[in-house]
Amino acid sequence: MMFPEDGKYVCRNCGATSDVGKKEVITTASKDKETAVYSDDTPATLPKTRILCPKCGHTEAFYVIRQTRAADEPETMIYRCCSCNYSWREY
């Protein structure tokens, strides 16, 4: 797994590096004056899994697990396709 360091992605096990590429930062303001910043480089630090993308058919996606409902209900799996960046979720 590669992590962003000094403008490049670096593997902490073997030391391999890769260029980060162009970063896109999206800033939004909420009603209570807090600012949220979203960057397109964060998925590279997320774990990957083999799952079929419903949009393009690619078989690899990044995922996160979130508790989006009550604590006594199961978590929600949120996926983002590695190929087309389409996001979807499974309950």
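The conversation below goes through a sheet, a group of rings and one loop residue in a predicted model.

Biologist: What makes β8 and β9 a pair of strands?

Modeller: Two strands count as paired if at least two bridges are found between them, and four bridges join β8, residues 76-81, to β9, residues 87-90, so the two are called a pair, and they run antiparallel. One of the bridge partnerships sets R80 opposite S87 in β9. The two strands form a hairpin with five residues between them, and in the turn N85 has a positive phi of about 65 degrees.

Biologist: How do you know that β7 pairs with β8?

Modeller: The same reasoning serves here, because at least two bridges are needed and six bridges join β7, residues 61-66, to β8; the two strands run antiparallel, and the bridge partner of A61 in β8 is C81.

Biologist: Why are β6 and β9 said to stand at the edges of the sheet?

Modeller: Four strands form an open sheet in the order β6-β7-β8-β9, with antiparallel pairing. β6 (48-49) and β9 each have a single partner strand, so one side of each is left without a neighbour in the sheet.

Biologist: Why is the pair of Y79 and W88 called stacked?

Modeller: Rings pair if their centres lie within 6.5 Å, and planes under 30 degrees apart count as stacked; for Y79 and W88 the values are 5.4 Å centre to centre and 25 degrees between the planes, so both conditions are met. Y86 and W88 are also stacked, at 5.9 Å centre to centre and 15 degrees between the planes, and ring pairs thus link Y79, Y86 and W88 into a cluster.

Biologist: Which of the words buried or partly exposed fits each of Y79, W88 and Y86, and why?

Modeller: Buried means under 20% relative accessible area, and exposed means over 50%. Y79 has 7%, so Y79 is buried, and W88, at 13%, counts as buried too, whereas Y86, at 33%, lies in between and therefore counts as partly exposed.

Biologist: What makes the link from Q67 to A70 a polar contact?

Modeller: Q67 has its place in the loop between β7 and β8, and with a relative accessible area of 40% Q67 is partly exposed. The side chain of Q67 reaches the backbone oxygen of A70 at 2.8 Å and the backbone oxygen of E73 at 2.9 Å; a polar contact needs a pair of N or O atoms within 3.5 Å, one able to donate a hydrogen and the other to accept it, so the distances fit the cut-off.

Note on methods: Residues are numbered from 1 along each chain as its sequence is written. This is a predicted model: local features need pLDDT of at least 70, side-chain atom pairs count only at pLDDT 80 or more; totals for chains, interfaces and linings use all residues. Side-chain values use heavy atoms; hydrogens and water are left out. Rings of Phe, Tyr and Trp (its six-membered ring) pair if their centres lie within 6.5 Å; planes under 30 degrees apart count as stacked, over 60 as edge-to-face and the rest as tilted. Buried means under 20% relative accessible area, exposed over 50%, partly exposed in between (1.4 Å probe, protein chains only).
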